[in-house]
Amino acid sequence: MDFSWLSAILVGAGCLALGYCIGSRKPGFFFLRAVKVGNKDANFSSSNKKNGNKKAKEPLEIEKLADLLDDFKMILVVRNDLKMGKGKIAAQCSHATLGLYKKLHNRAPKALERWEMCAQPKVVVKIESEEDMLVLQEKAKSLKLPTHITIDAGRTQIAPNSRTVMAILGPVEVVDDVTGGLKLL
């Protein structure tokens, strides 16, 4: 009897299990490393590398919390007074999410990894004015939470340089201290 098909299945299953084990511990690690090493012309360098001899920025305080606390989430605070359409709100929330992600990529990678391990939760809430948004940002900063406010170019629905959405990322309990009183959008 020829059992070569059985050995092929067993080898394949073993490779699949090994790949799963490696991927679940460091998702994307091998792929990203191969891209970075293999393609030196790829645009993966940080802003610090682009600017030559400038000193690297210090890690953010949120990095310490990522070692201590498990549940992280992102809150997107949308200005309700601007009366943006649904599509505009979606675009501005995307800008805010990406802006905060880029800000944290090099300065708080553990915090981003913790958020990603929690399935990248995002909650969208509303606020009634720019002044209220800025007060909220100061409260977040006082708790050492990173924020990013998107400023619109003004090409479509709203005035140029309008602050539209603020993104805040951090441990659930700390973020809730800042935004817990706001209503869902």
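## A walk through the chain, one selection at a time

Start by selecting proline 121, which sits in the loop between H6 and S2. You are looking at a predicted model, so keep that in mind at each stop. Proline 121 is partly exposed, at 26% relative accessibility. Now add isoleucine 75: the two residues are 46 apart in sequence, yet their C-alpha atoms are 8.4 Å apart in space. To see what proline 121 touches beyond its neighbours within four places in sequence, show Phe72, Lys73, Met74 and Trp115.

**Zoom out**

Switch to a cartoon view of the whole chain. There are 8 helices and 4 strands, and from the N terminus they run α-α-α-α-β-α-α-β-α-β-β-α. The chain has 185 residues, and 31% of them count as buried. Take the contacts between residues with a separation of 6 or more: 73% of them join residues 24 or more positions apart.

**Into the core**

Next, select Val77, Leu145, Ile168 and Leu169. These have the most contacts inside the largest nonpolar core, a group of 36 residues. Which elements each supply at least two residues of this core? Colour helix H4 (62-68), strand S1 (72-79), helix H5 (86-107), helix H6 (109-117), strand S2 (122-127), helix H7 (130-142), strand S4 (163-171) and helix H8 (172-179), and you have them. The largest share, 6 residues, comes from S1.

Stay with leucine 169 and show its contacts, leaving out residues up to four places away in sequence. The list is Ile62, Phe72, Lys73, Met74, Leu100, Leu104, Ala111, Trp115, Leu145, Pro146 and Val175. Phe72, Lys73, Met74 and Trp115 may look familiar, as proline 121 touches them too.

**Over to helix H7**

Pick alanine 140, which is in helix H7. Is alanine 140 buried or exposed? Its relative accessibility is 0%, so it counts as buried. Setting aside residues up to four places away in sequence, alanine 140 touches Leu145, Thr147, Ile168 and Val178. Then select aspartate 177: it is 37 residues from alanine 140 along the chain, and the C-alpha atoms are separated by 8.7 Å.

**A pocket to explore**

Turn on a surface and go to the second largest pocket, with a volume of about 180 Å³. Select its lining: Leu60, Glu61, Ile62, Lys103, Arg107, Gln137, Lys141, Lys144, Leu145, Pro146 and Thr147. H5 and H7 are the elements that give two or more residues to this lining. Colour the lining by class and you get 4 nonpolar, 2 polar and 5 charged residues.

One of the lining residues, Lys144, deserves a click of its own. Lysine 144 lies in the loop between H7 and strand S3 (147-151), and its phi is near 65°, a positive value in a residue other than glycine. Most residues other than glycine have a negative phi.

**Another positive phi**

Now jump to lysine 83, in the loop between S1 and H5. Lysine 83 is not a glycine, but it has a positive phi of about 55°. At 65% relative accessibility, this residue counts as exposed, since the cut-off for that is over 50%.

**Last stop: the cysteines**

Finish with cysteine 93 and cysteine 118. Cysteine 93 is buried, with a relative accessible area of 9%, whereas cysteine 118 is partly exposed at 23%. How many disulfides does a search of the whole structure find? The count is 0.

Terms used. Residues numbered from 1 in each chain as written. Predicted model: local features only at pLDDT ≥ 70, side-chain atom pairs only at ≥ 80, totals over all residues. Heavy atoms only, no water. Core = buried A, V, L, I, M, F, W, Y, C linked by side-chain atoms within 4.5 Å. Buried < 20%, exposed > 50% of the residue type's maximum accessible area, 1.4 Å probe, protein only. Contact = heavy atoms within 4.5 Å. 1 Å grid on protein atoms, 1.4 Å probe; cavity = no way out; pocket = protein on both sides within 12 Å on 5 of 7 lines; lining within 4 Å. Points joined across faces, edges and corners; volume = space filled by probe spheres on them. Nonpolar A, V, L, I, M, F, W, Y, C, P; charged D, E, K, R; others polar. Disulfide = S-S within 2.5 Å.
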